[in-house]
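Let's walk through this structure together, one piece at a time. Have a look at it first, then read on.

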Amino acid sequence: MVYNGDEVSALVVDFGSHTTRAGYAGEDCPRVVCPSFYGYIDDPTPAAGSGSSALEGEDVNMDGDGPGANGAAAGVGSNGALNGGGKRKGRKYYVGDDGVGVWRAGMEVDNFMLDGVVHDAEPAANLLHHILHDRLSVDPTEHPLMLTEPAWNTAKSREILAEMVFEGEKMPAMYFGSAGVLSAFAAGKPTALVLDVGYNHSSAVPVVDGYALRAGTMRQPLGGSLLTSQLHHHFTNPTPTRSFPLSLLPRQLIAKRDPTPEPSLQPRPILRDDRAPHTTASWNLWAQNSVIEPWKEACAEVISTRGFDFQTAKDLPQSLYEFPDGYHQYFGEERFRFTEMLFDPKTYFNQSIEPPAPLRVTSTTEHSHSLKDLVPLHQLVHDSIMACDVDIRASLLQNIVVVGNTSLTRGLTERLDVELALLMPSQKIKIHSPTIPFEKKYAPWLGGSVLASLGTFHQLWVTKDEYEEHGMSIVHQRCK
Amino acid sequence: MSSSDVRAILNLPQAGQAGPSQPPRRSVPVKKPEGISRELYALIGDNAPSLAEAQASLAAFKYRERPKLKSKAVKWEWMRFTPVGKDGLGLGHWVRSDEEPDARVEYFGKFNLHGPSVMQYSQFEYDQHLVDPTWTSQETAYLFGLLREYDLRFVVVADRYEYAGKKRSIEEIKDRYYTICRRLVRTRTASDPQTQQQLLQAYAFDKARETKRKQYASELFHLTAAEIAEEEALYVEIKRMEQNERRYRADRDDLMRTVVGLDSGLIGLEQANGEGVVGLDKNKKRKREEEVPTPAPTKKQKESAAYDLAHCIYRLPTAPSSATSSHLATRHPLHVGVHLRSTKLPQPKPNAAIRITDLLGEMGVSTQKLVMPTRVNLEVFERVLQAAGGLVDMKRQVDRVEQEVRTLRAQREGYVPPTRQSRSMSVVSEASTRRK
Ligand SMILES: Nc1ncnc2c1ncn2[C@@H]1O[C@H](COP(=O)(O)OP(=O)(O)OP(=O)(O)O)[C@@H](O)[C@H]1O
Ligand SMILES: [Mg+2]
């Protein structure tokens with residue numbers, strides 16, 4: 001009892017717009033990290049099913065254990081309550097690592113998250129089922145479940161999730177942990193300003209004594225997804241230094257690579273022509289984005305001290321990167337130009353490029369900015385703090401916690417520090433940024449893992465009995 | 001067969017040598033390590049690490065000894081349990097078999113408490129004392145519910161507050177809560193008036209002042225870099241001035257001690273600064289400059305003069321500031337402690353003291369003691385002393401001049417040849433007389 005821990009082998013699941021993370025409470029790293037994108041094929045007639053099986057399955061997902069091993073394709077009938085009936089009868093879902101990552105003829109891709117909250121019950125339930133049964137291989141009725149939710153979670157989404165957990169999986173107890181609060185806990189702080197720069201959103205959440213303040217919660221659709229869409233446009237159009245568009249072909253569509261000897265030459269890989277006619281547009285876009293994302297993770301940087309400008313851009317260090325189709329190049333200024341959007345969206349966010357559709361649902365309110373009026377990250381932090389009571393501002397400013405995977409971009413925290421100091425010169429500002437990338441990547445999950453394994457937390461679980469007796473009201477009352 | 005033979009058989013180039021030409025066999029006898037057969041050694045050559053060697057080094061390696069545990073390994077069991085106050089929730093955890101199974105559950109149950117207790121009131125009390133036109137009884141009840149739920153965390157309560165679509169500021173909430181607390185404390189019969197007073201003090205809340213304070217505090221967040229730079233410069237200036245004043249004070253104290261032999265009773269600078277660090281800026285400098293000219297007597301001063309006259313109060317005139325005295329002297333006039341005038345009798349000059357006392361004695365005035373050392377008497381006495389001193393001085397001069405005249409006359413009459421010394425003396429004395 002040294003750490004006041006009391007394991008009840010609770011599970012923690014963090015649904016994100018990009019990836020979903022799941023594992024056992026009390027551990028320091030999630031066991032399962034898989035995409036929140038899912039594939040589906042409508043109305044699979046027996047003939048089509050067997051026909052496509054010839055095509056699918058031979059493709060190897062490099063990250064997983066291979067298709068089939070995990071039983072990624074969760075059948076519709078496999079979990080009753082939620083999937084029975086409805087207009088989507090006959091839709092077959094492919095979730096988890098071997099869901100979208102595996103090419104299947106006619107498979108569409110979608111995401112069950114919208115505006116940071118779970119909005120599509122069916123695929124989410126499928127993914128949860130897949131995680132519990134195929135990946136963690138647990139008996140759900142034995143384990144309480146901690147779910148993370150954004151500070152702006154809706155009652156509707158809570159209802160979907162509670163139903164999924166109690167009625168779908170028959171789990172004994174659950175709790176909704178606010179992602180901001182959990183990230184602050186993961187950093188060991190009860191009071192903090194949590195800046196989460198994720199996939200669909202960047203959000204700033206003030207946390208005081210373990211409660212997320214609604215007044216200061218700010219969000220905007222400026223994150224990895226918008227960056228990727230701008231990069232997509234950049235790569236698929238010729239530039240002054242590159243006369244041809246890049247193919248951005250994913251490995252699933254390439255039979256044989258053609259390693260060009262020289263950088264910056266157009267590659268001619270041998271394609272899998274058999275697949276091309278059966279590839280859907282949504283899968284193709286997902287696959288191309290998945291080609292861009294590793295580039296972003298490997299190459300993109302934020303200039304940490306000053307703004308970007310084209311004059312000095314030529315002197316910036318270059319780095320070599322090779323795409324799956326064999327194209328490689330020394331990338332220079334584009335490594336810095338697009339990330340500049342995070343700190344100067346007015347200049348560097350090109351509105352004429354069609355942004356991803358899910359980002360357009362966020363409208364401008366007191367607590368959010370739409371795509372039309374994005375603000376720099378430091379401004380978001382500033383606005384969030386200024387919306388709070390004067391007396392707590394100082395402690396928030398000295399406990400800024402930066403999490404989310406896009407914040408792993410090199411130079412981002414340093415730049416944030418510089419910009420905040422310029423914005424609020426009279427204030428003492430301290431940014432807490434975990435040095436271990438794990439803690440940044442999985443911050444909300446980690447906080448949930450800590451919280452759910454505390455002996456003193458047992459009281460807060462919403463039990464199945466309570467849910468059956470009081471319905472959603474007990475959930476809203478407990479998870480405040 | 002050596003390694004080079006093997007290479008030759010396999011048609012490999014010789015190690016470390018290009019070309020097929022056979023290298024001259026070096027017949028340096030290499031010592032064969034022990035525990036390995038000759039043929040094998042010849043095969044693997046001398047550069048391959050030998051297993052035997054490795055084994056030998058492994059054998060030399062000392063592993064840490066296995067700890068000898070006296071107790072047997074403890075058994076842990078998976079136990080079902082129900083947390084305190086959560087009937088119907090069956091959880092499981094690992095428990096040491098020697099541990100009391102319920103101990104841990106109870107241990108954590110103890111934490112199942114709430115924070116600071118929130119005041120409670122009855123409907124009767126509400127109707128009697130707590131009615132407020134801006135609050136309904138329902139809204140007050142809602143507020144108290146929230147306060148209880150969030151353990152009096154006012155920031156969080158204000159954040160969650162939403163009654164009939166209306167929000168309230170922290171100040172409003174605090175004001176309402178503390179007002180109610182104060183009224184309840186006052187109306188409820190207290191066993192001990194002191195604790196009641198303490199409670200009242202603890203629940204004191206001034207809404208207007210708090211709002212003002214927050215307004216000022218929030219203004220600090222909007223300072224521009226230039227304003228901050230100015231503030232910083234001023235701060236450095238203050239520090240510098242403080243240091244200067246401290247030095248002045250030390251110098252002055254030193255001076256007073258050596259010259260007058262007493263501590264200058266300057267008002268402690270620390271004290272003066274403590275109240276004025278913030279206000280100490282250019283204004284102060286200006287004020288100080290204004291202080292230097294002695295202000296004309298104001299109406300108030302005239303009034304006080306009449307008062308002084310009536311009560312025999314006599315004020316020492318403030319010394320006119322001279323250019324040489326430090327600015328501090330004008331600000332804090334030399335302070336002289338309270339004393340009896342008789343102790344401050346003017347002392348005659350030491351070199352003429354005896355003659356003055358003699359002189360006064362001749363006139364029948366005692367130098368030791370004044371029967372009535374009033375101010376007037378003292379002043380007269382001082383004048384007498386001064387006159388006596390002057391007289392004695394004068395007498396001395398006259399004596400000297402007369403002496404000189406005598407010598408000069410004697411010279412002229414030729415009795416004594418003139419000496420250089422006497423002439424120079426006469427020059428000096430002439431000069432001194434002329435000066436006077
Ligand atoms: N090392 C890295 N450098 C830069 N970007 C990265 C790095 N690693 C991951 N990313 C990007 O971070 C994004 C995913 O962020 P994250 O996993 O925090 O989102 P999420 O939690 O799933 O979604 P959200 O919080 O928006 O609901 C992706 O766009 C990915 O490309
Ligand atoms: Mg996230």
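Before we start, one handy rule: two helices whose axes meet at an angle of 65 to 115 degrees count as roughly perpendicular. Also keep in mind that what you see is a predicted model.

Now find two helices in chain A: H6(A), residues 224-235, and H7(A), residues 281-299. They pack with their axes 9 Å apart, at an angle of about 100°. That is why H6(A) and H7(A) are described as roughly perpendicular to each other. Who does the touching? On the H6(A) side, the residues include Leu227(A), Leu231(A) and Phe235(A), while H7(A) brings, among others, Leu285(A), Ile292(A) and Trp295(A). Sort the residues of this contact by type and you get six nonpolar, five polar and two charged.

How far can you trust chain A? Its mean pLDDT is 86, and 90% of its residues reach 70 or more. Confidence in chain A peaks in strand S12 (residues 202-208), at 96, and bottoms out in helix H2 (residues 80-83), at a mean of 37. Across residues 46-86 of chain A the pLDDT is below 50, although the model gives this stretch 61 contacts beyond near neighbours in sequence. Where pLDDT is low, don't read the predicted coordinates in detail.

Over to chain B. Its domain assignment gives domain 1 (76-109), domain 2 (123-219) and domain 3 (286-335). The centres of domain 1 and domain 2 of chain B are 41 Å apart, going by C-alpha atoms. An unreviewed UniProt entry annotates residues 131-183 of chain B as "domain: Myb-like". That span is 64% helix and 0% strand, and its end C-alpha atoms lie 11 Å apart.

Terms used:
Residues are numbered from 1 along each chain as its sequence is written. Chains are lettered from A and ligands numbered from 1 in the order in which they are written. This is a predicted model: local features need pLDDT of at least 70, side-chain atom pairs count only at pLDDT 80 or more; totals for chains, interfaces and linings use all residues. Side-chain values use heavy atoms; hydrogens and water are left out. UniProt positions are given in the numbering used here, feature names are shortened, and annotations may be inferred rather than shown by experiment. Helices (H or I, at least four residues) and strands (E, at least two) are DSSP runs, numbered from the N terminus. pLDDT is the predictor's confidence in each residue, from 0 to 100. Contact means heavy atoms within 4.5 Å. Axes are lines fitted to C-alpha atoms, for helices over the stretch in contact, and angles run from 0 to 180 degrees between N-to-C directions. Angles under 35 degrees count as roughly parallel, over 145 as roughly antiparallel, 65 to 115 as roughly perpendicular and the rest as oblique. Ala, Val, Leu, Ile, Met, Phe, Trp, Tyr, Cys and Pro count as nonpolar, Asp, Glu, Lys and Arg as charged, and the others, Gly among them, as polar. Domain bounds come from an automatic or database domain assignment.
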